[in-house]
Structure formats: structure tokens, C-alpha cells
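The following exercises concern charged pairs and ligand contacts. Each task is followed by a solution in steps.

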Amino acid sequence: MPPVENAELLRVQDLKVHFPIRTGGIVFGQYTPLKAVDGVSFSLKAGETLGIVGESGCGKSTLGRGILQLIKPTDGKVVFLGNEMTSMAGEQLRAQRQHMQIVFQDPLASLNPRMTVGDIIAEPLTVFFPKMSVAERKAKVKALMAKVGLLPQMINRYPHEFSGGQCQRIGIARAMIVDPKMVICDEPVSALDVSIQAQIVNLLMDLQQEFGLSLLFISHDLSVVRHVSHRVMVLYLGKVMEIASRDSIYAEPLHPYTQALISAVPIPDPDLEKNKQRIVLGGDLPSPMNPPSGCVFRTRCPRATDICAQVVPKLEEKAPGHQVACHHWGPPAQALV
Amino acid sequence: MAAVLEVRDLQVRFATPDGEVSAVNGVSFDVNESECVGIVGESGSGKSQLFMAVMGLLAKNGRTLGSAKYRGTELVGMPVDKLNKIRGDKIAMIFQDSMTGLTPHLRIGRQMTEVLEEHKGMGGADARARALDMLNLVRIPEAARRLNQYPHELSGGMRQRVMIAMALLCEPELLIADEPTTALDVTVQAQILELMADLKRVTKAAVVLITHDLGTVAGLCDKVQVMYGGRFMETGDVRQIFYKPQHPYTKGLLSSMPRLTEDRRTTLYAIPGQPPNLQRLPAGCPFQERCEFVHQRCVDELPLLQEARPGQFKACHLESLEHPVDDPTRAAIPAEAMPPVIRDVRTA
Ligand SMILES: Nc1ncnc2c1ncn2[C@@H]1O[C@H](COP(=O)(O)OP(=O)(O)OP(=O)(O)O)[C@@H](O)[C@H]1O
Ligand SMILES: Nc1ncnc2c1ncn2[C@@H]1O[C@H](COP(=O)(O)OP(=O)(O)O)[C@@H](O)[C@H]1O
Ligand code: SF4
Ligand code: SF4
Ligand SMILES: [Mg+2]
Ligand SMILES: [Mg+2]
């Protein structure tokens, strides 16, 4: 894993993305905000990978899109390379976006079926470097195809002729072609088979090392996140539950939700897996339209008390570099894996 | 131990406009009473179609060859009305997508009592009481209220519990669960796995667990069968497969997963290349294009399952993983048979 430089690349401050959802009648329409991202703050250094974990619907993808300004955040700041982005528009915003690219979960669906692979990968070049000659563009595309493990002679093929793993390589090449400083990877390996996952994870880490990339690595797979991340952030219903370095969060998670998540991971080891005492949370994720009062996790939390229903716990540093949002934070009562 | 299901040389073929797809290519195995068998493999390896064929549920363009016997009765080619008497009663199936397993416009209670009516001739209050018992068994909160709800009114985790409850209604002898937790969040998956582990103790049903997730298999199964290209690559008891894999593919799969329980590695082991094209399976070993131990014999001759250690079988020409065959003719494998070069990712 490459060392992290100290320069801050991205700072996200109290970011909120609320979607207005119609809940009332059609004439006198009432709207209730769905708080998909609700006050998220963190920073990312050059060359660093921040893993973002949490269950379906907890706001991971929305956070990514809010940072890229693909959705206008409701509130809060996104400072990238020293520039505040939420107030930007037009040309200014476009110039910033060259440095922040995204790779999506569903490899095939995220590629235009009517474009050749070469055109797909070159597309960002035509946006950000419209004056680049066709020959230069093609040379760049071929070089990058080779780098991500695609045969350059396949440049004129179409996406459906490629497997899932190869489509993901195409998506990664498209993101990398403009030399971004940061890539948001939104579940980049979740749709792939185990044997292909490892190929793509290795590729992303190699690219990071070679180009000093920063990665926001969104995933619900805690084992993969542990493998790729320097630091990890845990989300639940749009809020940050815990952020810490990878080693502290896996070795000593301080938030009950993180502890339950880690304990829920099935371990491919029969003796360990058959004998482990899993922390099993009751119930399901509450509706984000109607989140619990106080701590959003309280309806499933084994440690919840009265105060949890009344007071929203603040995200605070409880150990060096280790932030937790919980009234009763502390190490787990039992071994988790 | 008596076999509930005996499968012999089962094959599944699909006719498509671009030619025939060989989804399952001759597999044989038994599932014994009260045993939990895991079928693992990557997507497209034929796991689901193998059991769809056993259940007589293949798509119209599919056909089944070979034999699958439930308690000695041949299922392949059995008329639908006879099959219907066994399906849902003696053999039950749980699907990955709980919406496929449930009828959307029928209330939960109705769907459950219908099954009891059809198979057990049980009706009215008795059937409803039995349905309620089953929902309680799978620990659905407020079970009585759920009987009156429609599938879409329940969360994914609850629907999966309802499917399990439905499958258990008639006390089947064989339960086939196809990726039962794949679509669920980890915390909900943990609930279902815990439930399945408990049910394994209380019901006598034999269970077949189909999954691509080795972690799930490790926790629930007694035996494991690893599939690739429509064949079994390796079979054995769960501890043998996880702790002493004998087939290069099994070993590769196990080492390509990052694990919470081990020190982080800088680079993951990655099996190069991609899963095979089932329309153009190579002669010889289906894994040859990705195998680091490939030699001439693998190209020429299909390896058959053979006992590698007591109770553990592998389909591989190697004597053992510690004894690779040094093959000077290996360069004879045509370059275009190899998938795009992906090895460089690992060695870079
Ligand atoms: N355009 C939209 N309009 C209304 N609600 C939305 C919209 N996009 C997302 N949401 C809601 O915001 C919440 C967060 O969604 P998001 O897609 O960010 O979750 P996620 O963490 O990425 O989940 P997954 O793991 O399933 O990808 C969800 O409740 C979702 O339904
Ligand atoms: N109706 C069909 N027509 C053609 N091919 C099919 C059909 N159903 C399944 N297949 C193919 O059979 C192969 C095995 O499928 P399946 O058993 O569903 O895989 P899995 O191991 O992921 O469960 C796949 O390549 C799939 O595309
Ligand atoms: S604040 Fe209360 S409910 Fe929330 S995680 Fe902490 S103990 Fe649980
Ligand atoms: S038969 Fe040959 S190619 Fe197949 S797994 Fe064994 S060594 Fe590898
Ligand atoms: Mg998402
Ligand atoms: Mg399947």
C-alpha cells in the first residue's frame, strides 16, 4: 500500500443531500425531506484511500454524487484542492471535475452500448481536451487499455462483447484517462465474481500507487474495504457513525453498529464460522423517510438507553484520529471474528 | 445414511440462436438425509440450472439428460402433475429473489394455506394456525398481522423469512436454497444465516445451499461441491475443501478472497482470465485457460473426478498441488486460447 502524503485533497463539511418526497395530496402537495446524506464531514489526503461502508440505502452513492456535484447538495461544503465546489457552476465546475472521476458498480450498464470501447474511454478527453488530435487520443487510449489489462487491439469492439470484469476495466480506463487526482469507486467489485474481484482490486491499488491517486472506495464488503483502505468511514441512515484508521476500526471498533457489521461478515473458515458468536441486530433498516429520533441507530442498537432517543450523539474524537458518534461508545464486549 | 436425492450424469443443454449452451455437463452426487451440501461456483457455472433441472423447472429452450432420483423415483421426464405433488411438499426451493418465489397479488396467509391445502388437504383454521406457527418459527415479528399483508409490504429480509417458512410448511425432506442471502444486507444476512443454522438443528430436512459466497458455505454446510464450467471440480467435506483444497481452482478461489482474520496482504492472489464460454468449452479441462499448473494432458484429456484423499474428490490431472508437471510442450497451447493477459496485474 502506497504511503499517504500529508496534503489535504478533499474536505467535506457538514454535507447534506435531502430529496423532497411528496407525501401529501396532489393539490396541496406536502413534501417530506428524505435525508439521504445528513451532515457528513471528513477529509481525504493525496494518495489516500477512504473506505465508505454501510448497508443499502444509507447514502453512500448519494454522498459520492453530492461530492461530484452531480446532485446539488442541500447544504454544506465540498472543498477540493482548496476550492469550494458547491457554489461553482458552468466552466469552473467542469474544470474541477477533470480531477475527480467515478467508477460505477454495474460495469455493463454504465457503458454506452452503441459506442466502441475506444470511444468510451476517449470520451472524457473530448470533454476536457477538445483540441487533442485524434491520433494522440487514440495513442493515449491504447496505452491505457494495456495498462488496465485490456488488449489494445480490441479498441473497436463494443461493450457487450466483454465480460463483467473487462467492462469494469473499461470503466476504470475511462476514469483514468484524464489523469484525475481522485476517483470515487462506487461498489466497483460488488457485481463481479470472486476471482475477478481480486483482479480489479489489484488493478485499482496498482494505479493508485503509480499515479498517487486518492480513492473514495464505497462498498458494503468489509473484507475488501479492509484490504484497500487507509481509513474507513461507517455510515448509517445518512450519518457518520464512526471514522478511524483501518487498523483501529477493525481491531477496536468503538461504535455498536460497526461492531455488528464486522461480526456479521461470514468468514470462509468452517471452524471459526461455525463457532463464532455473531452479534445479530434485530429488525431492518428503518425507513429513511421517518428516521428514529435521537440516535438513528437506536431501534436496532443493543446498547440503547433513554438518552439515545432524545439526544443526537455528536461525532467526536474518542481516541487519536478515531471519531465516534455514540453516547455509550466503547470496545465490543466479545471477540468479533 | 440413506440418500434423499441421487443424481447421475446430469446434463443441461439450452438451445439458443447462436448455438447450444452446455450449462451442466455430467454431474453425479447424492444428498443424504439431514445433510447440508453447499454448491459453490462463480456466476454462470451452472449451479442454479443443475437444480432447476432436478426440479423440472428449466426454461422452455432447455433440456435435461441423465438421471435425478428422489427416494428412488426418477424425476427427469416425470409428468408435470406428478412432479407437482413432490415439489413444494417433499422437495422445496428458496430463491435468491424473494419476489419470484412469492405471488405478488396474494396475501401471505393465503399463499401459505394454499400450499397446505394442495399437499396436505388441510384447510380453514388448521391451515392458518400452521402458517402462523411457521412464521413464528422463522421469527417474523407480529406474525399474525403479516398473514394479511402482501409481499411488497414486507422488507427484503422478511420476505426471505416468509419464503423459508413456506418452504418448511410441508416438512420437506429436501430443501434447496439458491443464494438465499445474496440480495440482503450484511446485518439481515446475519439474521437469516443464524435462522438457517437453528433450523438445521430442528428440522430433519436435507439442505442444498447454492451460493457463490464461501463464507456462507463455511458456516452452514457439511459437504461442499465446487462447480466450474458446468462440472464439479472438487467435492469433499467442508473442512477438507477449506483447509486442504486439492484442485487448483478451489485453491485459487480461497486465496483470492481478502479475509478479516488474516494479516493484510499487499497484493491479492488473482486467478487470471475469465470464466469459460459455455458455448465453446474447450476439450480437456474446463479450467485449463486459467490454471497455473496447466500442461499438455489438460488440453488433450478431460480430467474425471477421482478420489484425492479419503472422501475428497478432484477433477484434475495433477498428482498433487505440490507436484506441478514440468511440461516443455506447454508452449504448444495456442496463444489465442489464452484469455487477455491479466497476469501482469498480479506480477506488476
Ligand atoms: N433521486 C432520488 N430521489 C429520492 N430519493 C433518493 C434518490 N436517490 C437516492 N434516494 C434515496 O436516498 C437514500 C440513499 O440512497 P443511496 O443510493 O445513496 O444509498 P446507498 O448507500 O448507495 O445504497 P446501495 O448500497 O443500495 O447502493 C435511499 O433511501 C434512496 O432511496
Ligand atoms: N434459458 C436459457 N437459455 C440459454 N442459456 C441459459 C438459460 N438459462 C441459463 N442459461 C445459461 O446457463 C449457464 C448456467 O446458468 P446458472 O446455472 O443459472 O448459473 P449460476 O451458477 O450462476 O447459477 C449460464 O451460462 C446461463 O447463461
Ligand atoms: S447513541 Fe445509543 S443508540 Fe446510538 S449507537 Fe450509541 S448506544 Fe446505540
Ligand atoms: S487438469 Fe490441468 S488445467 Fe485442469 S486444473 Fe488440473 S492442472 Fe489445471
Ligand atoms: Mg449505492
Ligand atoms: Mg444462480
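A polar contact is a pair of N or O atoms within 3.5 Å. The model examined here is predicted.

**Exercise 1. Determine which atoms of Lys47(B), Gln49(B) and Asn61(B) lie close to ligand 2, and apply the cut-off.**

Step 1. A backbone N or O atom of Gln49(B) is 2.7 Å from an oxygen atom of ligand 2. The cut-off for a polar contact is 3.5 Å, so this pair qualifies.

Step 2. For Lys47(B), a backbone N or O atom likewise lies 2.9 Å from an oxygen atom of the ligand.

Step 3. With Asn61(B) the side chain takes part: one of its N or O atoms is 2.8 Å from a nitrogen atom of ligand 2.

Step 4. Taken alone, ligand 2 exposes 570 Å², and the protein buries 70% of that area.

**Exercise 2. Describe the shell of residues around ligand 2 and the part that α1(B) plays in it.**

Step 1. The ligand is surrounded by 14 residues, and the closest are Gly44(B), Lys47(B), Ser48(B), Gln49(B) and Asn61(B).

Step 2. Sorted by character, the shell consists of 4 nonpolar, 8 polar and 2 charged residues.

Step 3. In chain B, β1 and α1 (47-54) each contribute at least two residues to the shell. The largest share, 3 residues, comes from α1(B).

Step 4. Of the 8 residues in α1(B), 6 are buried, and the helix is thus mostly covered. Among the buried residues are Lys47(B), Leu50(B) and Phe51(B).

Step 5. After α1(B) comes Gly56(B), which has a positive phi near 70°.

**Exercise 3. Which parts of the structure does the salt bridge between Arg239(B) and Asp271(A) join?**

Step 1. Side chains of opposite charge can pair when their charged atoms come close.

Step 2. In the pair of Arg239(B) and Asp271(A), the closest N and O atoms are 2.7 Å apart.

Step 3. Arg239(B) belongs to helix α10 (residues 238-243) of chain B and Asp271(A) to helix α10 (residues 270-275) of chain A, so the salt bridge joins two chains.

Step 4. The relative accessible area is 43% for Arg239(B), which is partly exposed. Asp271(A), at 33%, is partly exposed.

**Exercise 4. Locate the partners of two salt bridges, Arg8(B) with Asp30(B) and Glu210(A) with Lys147(A).**

Step 1. Arg8(B) and Asp30(B) meet through their side chains at 2.9 Å, N to O. Because Arg8(B) lies in strand β1 (residues 3-16) of chain B and Asp30(B) in strand β2 (residues 19-32) of chain B, the pair ties together parts that are 22 residues apart in sequence.

Step 2. Arg8(B) has 38% relative accessibility and counts as partly exposed. Asp30(B), at 25%, counts as partly exposed.

Step 3. In chain A, the closest N and O atoms of Glu210(A) and Lys147(A) are 2.7 Å apart. This pair links distant parts of the chain, with Glu210(A) in helix α6 (residues 194-211) and Lys147(A) in helix α4 (residues 134-147), 63 residues apart.

Step 4. Glu210(A) is partly exposed at 47% relative accessibility, and Lys147(A) is partly exposed at 36%.

**Exercise 5. How many salt bridges does the structure hold over all chains?**

Solution. The total over all chains is 26 salt bridges.

Definitions and conventions:
Residues numbered from 1 in each chain as written. Chains lettered and ligands numbered in written order. Predicted model: local features only at pLDDT ≥ 70, side-chain atom pairs only at ≥ 80, totals over all residues. Heavy atoms only, no water. Salt bridge = Lys/Arg side-chain N within 4 Å of Asp/Glu carboxyl O. Helix = DSSP H or I, 4+ residues; strand = E, 2+ residues; numbered from the N terminus. Buried < 20%, exposed > 50% of the residue type's maximum accessible area, 1.4 Å probe, protein only. Near = heavy atom within 4 Å. Polar contact = N/O pair within 3.5 Å; in protein donor to acceptor, adjacent residues only side chain to side chain. Areas by Shrake-Rupley, 256 points an atom, 1.4 Å probe, with all protein chains shown as cover. Nonpolar A, V, L, I, M, F, W, Y, C, P; charged D, E, K, R; others polar.
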